[in-house]
Amino acid sequence: MRKLLGFILTPIFYICFSISLLLFHPIQWICLKLGGYTAHKKSVDILNGLLVACNYTLFNRTRFIDNSNIPTGRPIIFVANHQSTYDIPPLIYFLRRFHGKFISKIELAKAGIPSISFNLLHGGAANIDRKDAKQSISEILRLANNMKNQNWSAFIFPEGTRTKTGKMKPFSVGGIATLLKKNPEALVVPIAIKGSYRMVEYGLFPLRPFTSMSWEVLDPIETKGLDIEAIVKKTEEILKDKVEG
């Protein structure tokens with residue numbers, strides 16, 4: 001019955017999602033040209049709020065548990081497990097006060113996806129070519145420098161790819177290490193994502209309706225006195241306990 005409802009509701013979701021992306025592509029361009037970074041960021045925040053709202057066309061529950069213990073006066077490295085493409089809009093919207101930027105595959109920036117590719121190219125993301133280590137390091141260093149100079153933050157999925165089962169994959173140290181080397185004062189903040197993999201349980205079509213999903217911002221990890229591998233290991237253990245426990 002749930003899958004049958006998915007066949008009915010998924011087209012509505014995709015129509016709303018697509019209209020939002022198409023509508024905000026020129027809005028982003030205008031905001032960037034006339035108002036620079038600040039106006040462009042506001043347009044991206046509003047867009048992602050609408051993309052979050054698209055979940056309600058599937059009667060899916062999007063629960064975001066924020067954390068008032070996270071300061072805004074220093075760079076933050078948000079480290080999250082990765083379950084689906086739909087993990088991203090809630091992170092951008094609900095944590096917009098932190099000016100978080102993603103480490104993304106360069107293919108997405110070059111794909112010409114309305115709104116999404118434009119934001120990756122012009123919004124401050126690190127767009128890495130996984131086949132070119134030198135380029136990847138250069139992009140992450142650029143983001144790290146902007147974190148330091150602009151007080152931006154970063155979102156990173158250290159699993160490297162999405163899980164299909166909800167079980168976490170081992171974390172990679174590389175991206176977090178590069179960001180921390182340039183920003184040793186940065187806080188590492190784990191974000192536990194639960195249930196979003198079930199939204200794509202049947203694949204891209206139909207999407208699974210009546211799915212409960214949650215994003216929980218956990219307490220920050222002070223990095224002083226810890227080596228990078230210990231920080232990544234600690235973050236992985238905290239998230240695994242929260243997501244799979």
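The following exercises, each with a worked solution, concern the predicted model shown above.

Residues are numbered from 1 along each chain as its sequence is written. Because the model is predicted, local features need pLDDT of at least 70 and side-chain atom pairs count only at pLDDT 80 or more, while totals for chains, interfaces and linings use all residues; side-chain values use heavy atoms, with hydrogens and water left out.

**Exercise 1. The sheet**

Task: State the order of the strands in the open sheet, and determine which strands stand at the edges.

Solution. Step 1: Strands (E, at least two residues) and helices (H or I, at least four) are DSSP runs, numbered from the N terminus. Two strands pair if DSSP finds at least two bridges between them. Strands of a sheet pair through backbone hydrogen bonds, either parallel or antiparallel.

Step 2: The open sheet consists of seven strands in the order S1-S7-S6-S2-S5-S3-S4, and its pairing is mixed.

Step 3: The edges are occupied by strand S1 (61-65) and strand S4 (126-128); each has a single partner strand, so one side of each lacks a neighbour in the sheet. From one strand to the next, the twist averages 20°, where axes are lines fitted to C-alpha atoms (for helices over the stretch in contact) and angles run from 0 to 180 degrees between N-to-C directions.

**Exercise 2. Strand S2 and its surroundings**

Task: Describe how S2 is paired and whether its residues are buried or exposed.

Solution. Step 1: Strand S2 (residues 76-80) runs parallel to strand S5 (residues 153-156), and three bridges join the two. Within this pairing, valine 79 has isoleucine 156 as its bridge partner, and isoleucine 77 stands opposite alanine 154.

Step 2: S2 also pairs with S6 in the parallel sense, over five bridges. Here the bridge partner of alanine 80 is isoleucine 191.

Step 3: A residue is buried under 20% relative accessible area, exposed over 50%, and partly exposed in between (1.4 Å probe, protein chains only). Five of the five residues of S2 are buried, so the strand is largely enclosed by the rest of the structure. Ile76, Phe78 and Ala80 point one way, whereas Ile77 and Val79 point the other way.

Step 4: Helix H6 (residues 174-182) has buried residues too, among them Ile176 and Leu179. Their cover includes S2, helix H5 (133-150) and helix H8 (228-244), contact being heavy atoms within 4.5 Å.

**Exercise 3. Salt bridges**

Task: Give the number of salt bridges and examine the pairs formed by arginine 142 and lysine 242.

Solution. Step 1: A salt bridge is a side-chain nitrogen of Lys or Arg within 4 Å of a carboxyl oxygen of Asp or Glu. By this rule there are six.

Step 2: Arginine 142 meets glutamate 139 at 2.9 Å, N to O. The two residues are three apart in helix H5, which means a separation of about one helical turn. Arginine 142 is partly exposed at 34% relative accessibility, whereas glutamate 139 is buried at 16%.

Step 3: Lysine 242 meets glutamate 216 at 3.5 Å, N to O. This pair links distant parts of the chain, since lysine 242 lies in helix H8 and glutamate 216 in strand S7 (residues 212-217), 26 residues apart. Lysine 242 is partly exposed, with a relative accessible area of 33%.

Step 4: Elsewhere, salt bridges that share partners join Arg198, Glu201 and Arg208 into one network. In one of these contacts, arginine 198 and glutamate 201 meet at 3.6 Å, N to O.
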